[in-house]
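Open your viewer and keep the sequence panel at hand. We will go from one selection to the next and look at what is there.

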Amino acid sequence: MPSICLITTVHSPLDSRIFYKIACSLARAGYAVTVLGPDAPDTTIDGVRLKPLPAKPPARFAWKRWFRLPRVWWIARAEHADLYIIHDPELTPIGLLLKLGRRRVIYDVIEHTPYQILDKEWIPKPLRRPVSWLFDRWEKLAARFFDALLPNFEQIADRFAHVKHKVVIIRNVPEVERWTPAHPGTRNADGQVIAIYAGSAQSDRCILELVQAANAVDPALNLHLWVIGPFDTPDYEAEVRAAAGERVKIFGYVRHDQVPELMSQAHIGLMSLRLGPNSSVNWPIKLFEYMVTGLPMIMHHNPFWMTLADGCALPVNIEDPADIARGLTDLASDDARRAAMGAQGRQLVLDQYNWASQETALLALVDRLIGPSETNL
């Protein structure tokens, strides 16, 4: 049975794209799949073997991640897999070492990394542009040696025009069957309308502004805010919790497989990432998860995202609590509008933005690189 090893040092080993989409799709197809990730449980889930890597350092010490790489390479090499898939930019040197060992390697390019570097607060501001420029050159050079690249969207793929024959766009879009449809036009039994944020709770997601906005909405509308996801720093968590009123519920970390059920109880999805070089071009998975759940959205007036949402999102200035409160008021007071916007978003995912077509492209690529699984012989 051909074996495949997925490696991440930045993401959770149970990350939506890495585990639930790529790894589980490959396992269902009959490949022997292992995921190496920080603090992964040493167990098998849904036919995928998980093995732990050294823990990820705190965000303020992100530069220390590089010191883990020799250990990561040693663990990965010991798998003797037929194919490796690396999911983080810092793993490109390991990918090249695996290539020297005559292994097949795919680089899953999830983000536009040079743009992402420009947003990294742990990199001193004067160094961000030079570091971004250097990494752009490094990533393009490394790409020449990998067997395939899996960019998440076209703007990433365009960076690798020099190896266009290796590029297969695999979008990070939802698996429809995993998401329970919401009923955004129907209030809860007690009349509540729930606005939900699900994702990493950090300052560039404007969580504090969301809380302030929810507090400012007229209590007569019975709007409540749920914040689901881990905070990046204790200080920011304390600031948000201190601002939260009685209509704000802070959940903290919730397992990914529990998020769909919570989202299905909501009425409005909140896309609150600030506009930056990276977010101006990326395809955020959360946008499509709100859409597949059937939730109308409030989001920053990002022209590209508004095009993707195609009428199922209300634009606001996500850095202005008063403007967010205006958007929340508009949607909370109009049940029919929420229902229509939510239905439109879900239909877009069913028609265009779903994992089934991406899975087909992924399996075709893996078949070409290492042959079919025993199931498909």
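## Stop one: a glutamate and its partner

Please keep in mind that this is a predicted model. Start by showing the side chains of Glu-209 and Arg-274: they make a polar contact with each other, at 3.3 Å. Now colour the helix around your first pick; Glu-209 belongs to α7, which covers residues 207-216.

Is Glu-209 buried or exposed? Its relative accessible area is 13%, and because the cut-off for buried is under 20%, Glu-209 counts as buried. To see its surroundings, select Tyr-236, Arg-274, Ile-318, Glu-319, Pro-321 and Ile-324; Glu-209 touches each of these, leaving aside residues up to four places away in sequence.

## Stop two: strand β9

Next, select residues 223-228, which form strand β9. How many of its residues are buried? The count is 6 of the 6, so β9 is largely enclosed by the rest of the structure.

Show the side chains and look at the two faces in turn. In a regular strand, side chains alternate between the two faces of the sheet. Here, one side of β9 carries Leu-223, Leu-225 and Val-227, while His-224, Trp-226 and Ile-228 are on the other, and both faces are covered.

## Stop three: the neighbouring strands

Add residues 193-198, strand β8, to your selection. β8 and β9 run parallel and are joined by 6 bridges. For a landmark, pick Ile-194, whose bridge partner in β9 is His-224. Then trace the chain from β8 through α7 to β9: this β-α-β crossover is right-handed.

Now add residues 248-252, strand β10, which runs parallel to β9 and is joined to it by 4 bridges. Val-227 is a good residue to click on here, as it stands opposite Ile-250 in β10. Following the chain from β9 to β10 takes you through helix α8, residues 234-243, and this β-α-β crossover is right-handed too.

## Stop four: a serine in a loop

Finally, go to the loop between β8 and α7 and select Ser-200. With a relative accessibility of 27%, Ser-200 is partly exposed. Show Gln-202 as well: its side chain makes a polar contact with the side chain of Ser-200, at 2.5 Å.

Which residues does Ser-200 touch beyond those up to four places away in sequence? They are Arg-205 and Pro-230. Draw a C-alpha to C-alpha distance from Ser-200 to Pro-230 and you should find 5.5 Å, although the two are 30 residues apart in sequence.

Definitions and conventions:
Residues are numbered from 1 along each chain as its sequence is written. This is a predicted model: local features need pLDDT of at least 70, side-chain atom pairs count only at pLDDT 80 or more; totals for chains, interfaces and linings use all residues. Side-chain values use heavy atoms; hydrogens and water are left out. Helices (H or I, at least four residues) and strands (E, at least two) are DSSP runs, numbered from the N terminus. Buried means under 20% relative accessible area, exposed over 50%, partly exposed in between (1.4 Å probe, protein chains only). A polar contact is a pair of N or O atoms within 3.5 Å; within protein, one must be able to donate a hydrogen and the other to accept it, and residues adjacent in sequence count only if both atoms are side-chain atoms. Contact means heavy atoms within 4.5 Å. Two strands pair if DSSP finds at least two bridges between them. A crossover is right-handed if, with the strands pointing away from the viewer, the path from the first strand over the helix to the second runs clockwise.
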